Amino acid sequence: LTSFASVIIPLNPKECEGGLYVQSGASGETRRSIDFDRAGDALLHRFDVMHGVHVLKGKRYSLVVWLAETEAAMMQKTVPWVERERDESV
């Protein structure tokens, strides 16, 4: 858990079955597939979104970019957003 947010850009969304999903709980029943129409479409999500990849057929290629909250967090390899969430949940 080192990125504040992630950007996922599919490079060949129509050449595979399955792919990226998000879910709202621990149960797989909450899983929802994310369908991309074109190569180059993007999904941006925060660190606290449960997600994964399940490819049923073919090969999936994606460009993934991980973003830090600040330059200082990136340079110091810290995760202040996680610490803030922890402190606010107590």
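**Reading surface, sheet and salt bridges**

Mentor: Let us begin with one residue, Glu-69, which is partly exposed at a relative accessible area of 29%. Please keep in mind throughout that this is a predicted model.

Trainee: Why does Glu-69 count as partly exposed?

Mentor: The general idea is a pair of cut-offs: a residue is buried under 20% relative accessible area and exposed over 50%. Glu-69, with its 29%, is therefore partly exposed.

Trainee: With which residue does Glu-69 form a salt bridge?

Mentor: To read such a contact, look for a side-chain nitrogen of Lys or Arg within 4 Å of a carboxyl oxygen of Asp or Glu. In this case the partner of Glu-69 is Arg-84, and their closest N and O atoms are 2.4 Å apart. Glu-69 sits in the loop between S6 and helix H1 (71–76), while Arg-84 belongs to helix H2, so the pair ties together parts that are 15 residues apart in sequence. Arg-84 is itself partly exposed, at 36% relative accessibility.

Trainee: How many salt bridges does the rule give?

Mentor: The count is five. One of them links the side chains of Asp-48 and Arg-46, with 2.8 Å from N to O. Asp-48 has 43% relative accessibility and so is classed as partly exposed; for Arg-46, also partly exposed, the relative accessible area is 35%. Another joins Asp-87 and Arg-86, at 2.9 Å from N to O. Asp-87 is partly exposed at 49%, and Arg-86 is partly exposed with a value of 49%.

Trainee: Which residues do salt bridges that share partners join into one network?

Mentor: They are Arg-46, Asp-48 and Glu-85.

Trainee: I should now like to read the sheet. In what order do the three strands lie?

Mentor: In general, strands of a sheet pair through backbone hydrogen bonds, either parallel or antiparallel. Here the order is S4-S1-S6, the sheet is open, and the pairing is antiparallel. Strand S4 (43–46) and S6 are the edge strands, each pairing on one side only. From one strand to the next, the twist averages 20°.

Trainee: How many bridges join S1 to S6?

Mentor: There are six bridges between these two antiparallel strands. As an example to find in the structure, Ile-9 has Leu-63 in S6 as its bridge partner.

Trainee: Which residues make the nonpolar surface patch?

Mentor: One reads such a patch by looking for neighbouring nonpolar side chains among residues with over 30% relative accessible area. In this model the patch is made by Leu-11, Leu-44, Tyr-61, Leu-63, Val-65 and Leu-67, and covers about 540 Å². Strand S6 (residues 62–67) gives the most to this patch, with three residues. Leu-11 lies in the loop that runs between strand S1 (5–10) and strand S2 (16–23). With a relative accessible area of 48%, Leu-11 is partly exposed.

Trainee: Finally, where is the place of Glu-83?

Mentor: Glu-83 is found in helix H2 (residues 80–89). Its relative accessible area is 39%, so Glu-83 is partly exposed. Position in sequence and position in space may be read together: Glu-83 and Tyr-21 are 62 residues apart along the chain, and their C-alpha atoms are separated by 26 Å.

Conventions. Residues are numbered from 1 along each chain as its sequence is written. This is a predicted model: local features need pLDDT of at least 70, side-chain atom pairs count only at pLDDT 80 or more; totals for chains, interfaces and linings use all residues. Side-chain values use heavy atoms; hydrogens and water are left out. Helices (H or I, at least four residues) and strands (E, at least two) are DSSP runs, numbered from the N terminus. Buried means under 20% relative accessible area, exposed over 50%, partly exposed in between (1.4 Å probe, protein chains only). Patches are made of residues with over 30% relative accessible area and no salt bridge: like charges are joined within 9 Å, nonpolar side chains (Val, Leu, Ile, Met, Phe, Trp, Tyr) within 5 Å. Accessible areas come from the Shrake-Rupley method with a 1.4 Å probe; for residues, only the protein chains shown count as cover. Two strands pair if DSSP finds at least two bridges between them. Axes are lines fitted to C-alpha atoms, for helices over the stretch in contact, and angles run from 0 to 180 degrees between N-to-C directions.
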